Amino acid sequence: MSNSSLVTYTRLSPNHSGLRKKRIDRISPHCIVGQLSVEALGDIFASRARKASSNYGIGADGRIGMYVEEQNRSWCSSNAENDQRAVTIECASDANPPYEFKQVVYDRLVELCVDICKRNDKAKLLWLGDKVKSLNYIPARDEMVLTVHRFFANKDCPGDWMFSRMGELAKAVSEQLREVPIFYRVRKSWDKPKTQIAAFTKLANAKNCVDCNPGYAVFTDTGEKVYPQ
Ligand SMILES: [Zn+2]
């Protein structure tokens, strides 16, 4: 099991339960209730007395910190079952309701969720919207489910701002997971697929190929001729 390569700051917290006893199939975004940096969050989680941690944290400037390795169970959601299964992410937020995130923090959250899904072989991130549905849902092998702290404790977390965007988050992440690479196809003409001599993910390489093969052209997957024009 790996950690996210998006992490640029690591300060491991003593507050965790060691290796997870469940496979990862949930992601739980939280609100920090303060526009903190990854370092300030690291200070909080370094204190044993706090008895709290998260796997990752996103600071107010969008940098990503790691406090508990992904393979370990963090102490984040007031629920053992959830924290055994969930990658937990604390996100810098306003200190008051609705605990709004800065745009850069939200964007990084999308990016981090995509990365977590990819490394855990998940093709889809789901938001079921409802506590009972979310907790009773048995995800397929390639599905990840979003859960929130307020399912487990009398808390606002992740705040109404983020809570109202959970569906949007799931959609954005799932769309990026679906993205297939674009191929630039080298053919004599789009309607003669048998004349295709190569396909490249980089346009520059496809152009080079055409330069060496007079009479050929570069087409996108939708048949648009992009070179020579
Ligand atoms: Zn929380």
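This passage walks through the domains, sheets, helices and cores of one predicted model. Residues are counted from 1 along each chain, in the order in which its sequence is written. Because the model is predicted, local features need pLDDT of at least 70 and side-chain atom pairs count only at pLDDT 80 or more, while totals for chains, interfaces and linings use all residues.

The chain is assigned two domains, domain 1 (9-178) and domain 2 (184-227); such bounds come from an automatic or database domain assignment. Taken over C-alpha atoms, the centres of domain 1 and domain 2 are 43 Å apart.

We can start with the seven-stranded sheet. Its strands follow the order β1-β5-β4-β7-β3-β9-β8, and the sheet is open with mixed pairing. Here helices (H or I, at least four residues) and strands (E, at least two) are DSSP runs numbered from the N terminus, and two strands pair if DSSP finds at least two bridges between them. Strands β1 and β8 (124-126) stand at the edges with a single partner strand each, so one side of each has no neighbour in the sheet.

Strand β7 (86-91) is joined to β3 (residues 26-31) by six bridges, and the two run parallel. Within this pairing, Pro29 has Ile89 of β7 as its bridge partner. Strand β4 also runs parallel to β7, through three bridges, and Ile58 stands opposite Cys91 in β7. How many of the six residues of β7 are buried? Six of the six are, where buried means that 20 or more other C-beta atoms, placed from the backbone, lie within 10 Å of the residue's own (12 or fewer makes a residue exposed, and anything in between partly exposed). In a regular strand the side chains alternate between the two faces of the sheet. In β7 both faces are covered, with Ala86, Thr88 and Glu90 buried on one side and Val87, Ile89 and Cys91 on the other.

Helix α1 (residues 38-46) has Val38, Leu41, Gly42 and Phe45 as its buried residues. Seen down the helix axis, these residues fall within an arc of 105 degrees, so they line one face of α1; the arc is that of the directions from the helix axis to the C-beta atoms. They pack against β1 (9-10), β4 (56-58), β5 (64-66) and β7, with contact meaning that two C-beta atoms, placed from the backbone, lie within 7 Å.

The largest nonpolar core (a set of buried Ala, Val, Leu, Ile, Met, Phe, Trp, Tyr and Cys residues joined through C-beta atoms within 7 Å) has 40 residues, and Ile27, Cys91, Cys113 and Leu125 have the most contacts inside it. Helix α3 (residues 103-119) gives the largest share of this core, eight residues. Leaving aside neighbours within four places in sequence, Cys113 is in contact with Ile27, Leu125, Leu169 and Val173. Another core lies apart from it and has seven residues, among them Val186, Ala206, Val218 and Phe219.

A further open sheet has four strands in the order β11-β10-β12-β13, with antiparallel pairing. Strands β11 (198-200) and β13 (225-227) are at the edges with a single partner strand each, so one side of each lacks a neighbour in the sheet. Three bridges join β10 (residues 184-187) to β11, and Tyr184 has Phe200 as its bridge partner in β11. Helix α7 (residues 203-212) lies across β10, β11, β12 (217-219) and β13, at about 10 degrees to β10; axes are lines fitted to C-alpha atoms, for helices over the stretch in contact, and angles run from 0 to 180 degrees between N-to-C directions.
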